[in-house]
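Visitor: I have a model open on my screen. How should I read its features, one by one?

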Amino acid sequence: SNVVLSARTINIQNGEIVIGTKEEPYKGQATIHLDSAETELGAVGIKGAINVAGKMTAFGTPGRAKRDSRLKAQIDEGDTEMLVDKDLDWKAGDEVLLAASGFGGESEKRILNSYDPTTGKGVLDTAIEYTHLENTEILDVGGYNIIIKGNSEGKWGGKIRVEDLEFDDVTFVGEGGFNNVLFKNMG
């Protein structure tokens, strides 16, 4: 089944959220959307958050075998071509995410017009807006069935904090495990 959960904050205290297991990965589509907010102070915002003082695990179904890569050479504003690993399971029409190379949140999502597995050359549907340095991570976002994402509007995004919490002389132990999950606008 398909599930969407939207919240500003999710607190797990001595409980658990389980989306699939290692032995039986989740087969549907699951999305957790963490909303964020500006404050009256302007420069200070509030990230959407999952606070885990219990257990949270998410195991998605494995996608294509070779879906994520890194840039083999820097690409600059205006470029539509990139060089990545050879022999990826990419094809025209796949959606890829170029991770930010800096701290300003310059990640960019594009569609592949073409990919040559013998050379590693990918051609994007539109020119990129920011410089992405060699070794920047490139994700094939179409291959994930579990997505945990912060708000894409504004600059605050989301976070997951796994921690032990002591309350009334009781310690709650935080535990998290994730596999085949796409994290977007998090950090």
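Guide: Start with the meaning of a salt bridge: a side-chain nitrogen of Lys or Arg within 4 Å of a carboxyl oxygen of Asp or Glu. Keep in mind that this is a predicted model.

Visitor: How many salt bridges does the structure hold?

Guide: Eight. One of them joins the side chains of K109 and E95, at 3.9 Å from N to O. This pair links distant parts of the chain, with K109 in strand β10 (residues 108–116) and E95 in strand β9, 14 residues apart.

Visitor: Are K109 and E95 buried or partly exposed?

Guide: K109 is partly exposed, because its relative accessibility is 37%. E95 is also partly exposed, with a relative accessible area of 29%. Buried would require under 20%.

Visitor: Which residue forms a salt bridge with E129?

Guide: R110 does, and the closest N and O atoms are 3.9 Å apart. E129 sits in the loop between β11 (121–124) and β12, while R110 is in strand β10. The two are 19 residues apart, so this pair too links distant parts of the chain. R110 is buried, at a relative accessible area of 10%.

Visitor: Which residues are linked with R110 in a network of salt bridges?

Guide: E108 and E129. Another salt bridge brings together the side chains of R161 and E163, at 3.5 Å from N to O. R161 counts as partly exposed at 35% relative accessibility. E163 counts as partly exposed at 33%.

Visitor: Now the sheets. What is the general idea?

Guide: Strands of a sheet pair through backbone hydrogen bonds, and the pairing is either parallel or antiparallel. Here, an open sheet of six strands follows the order β7-β12-β9-β10-β11-β8. Its pairing is antiparallel.

Visitor: Which strands are the edge strands?

Guide: β7 (69–70) and β8 (81–83). Each pairs on one side only.

Visitor: How many bridges join β9 to β12?

Guide: Three. They connect residues 95–98 of β9 with residues 137–140 of β12, and the two strands run antiparallel. For one partner pair, take L98: its bridge partner in β12 is I138.

Visitor: Next, the nonpolar core. How do I read that?

Guide: In soluble globular proteins, nonpolar side chains tend to be buried together. The largest nonpolar core in this model has 15 residues. I10, I19, I32, I50, M56 and I146 touch the most other members.

Visitor: Which elements give two or more residues to this core?

Guide: They are β2, β3 (30–34), β6 (48–59) and β13 (146–150). The largest share is four residues, and it comes from β6. Apart from this core lies another one, of 13 residues, with V84, L88, L124 and I128 among them.

Visitor: Which residues does I50 touch, not counting those up to four places away in sequence?

Guide: The list is I10, I12, I32, L34, M56, I148, K159, I160 and R161.

Visitor: Where does I17 lie?

Guide: I17 is in strand β2 (residues 9–19). I17 is partly exposed, at a relative accessible area of 22%. Setting aside residues up to four places away in sequence, I17 touches I10, I12, K55, M56 and T57. The C-alpha atoms of I17 and V52 are 9.4 Å apart, with their positions 35 residues apart along the chain.

Visitor: What is the place of N145?

Guide: N145 is in the loop between β12 and β13. N145 counts as buried, because its relative accessibility is 7%. A polar atom of its side chain lies 3.0 Å from the backbone nitrogen of T61. Leaving aside neighbours within four places in sequence, N145 is in contact with residues including Y26, K27, G28, T61 and N180.

Visitor: Last, the aromatic rings. What describes a pair?

Guide: A pair of aromatic rings is described by the distance of the centres and the angle of the planes. The whole structure yields two aromatic pairs. F178 and F183 form one that is edge-to-face.

Visitor: What are the distance and angle for F178 and F183?

Guide: The centres are 5.5 Å apart, and the planes make an angle of 80 degrees. Edge-to-face applies because the angle is over 60. F178 is partly exposed, with a relative accessible area of 29%. F183 counts as partly exposed as well, at 34%.

Notes:
Residues numbered from 1 in each chain as written. Predicted model: local features only at pLDDT ≥ 70, side-chain atom pairs only at ≥ 80, totals over all residues. Heavy atoms only, no water. Phe/Tyr/Trp six-rings, centres within 6.5 Å; stacked < 30°, edge-to-face > 60°. Buried < 20%, exposed > 50% of the residue type's maximum accessible area, 1.4 Å probe, protein only. Contact = heavy atoms within 4.5 Å. Pairing = 2+ DSSP bridges. Core = buried A, V, L, I, M, F, W, Y, C linked by side-chain atoms within 4.5 Å. Polar contact = N/O pair within 3.5 Å; in protein donor to acceptor, adjacent residues only side chain to side chain.
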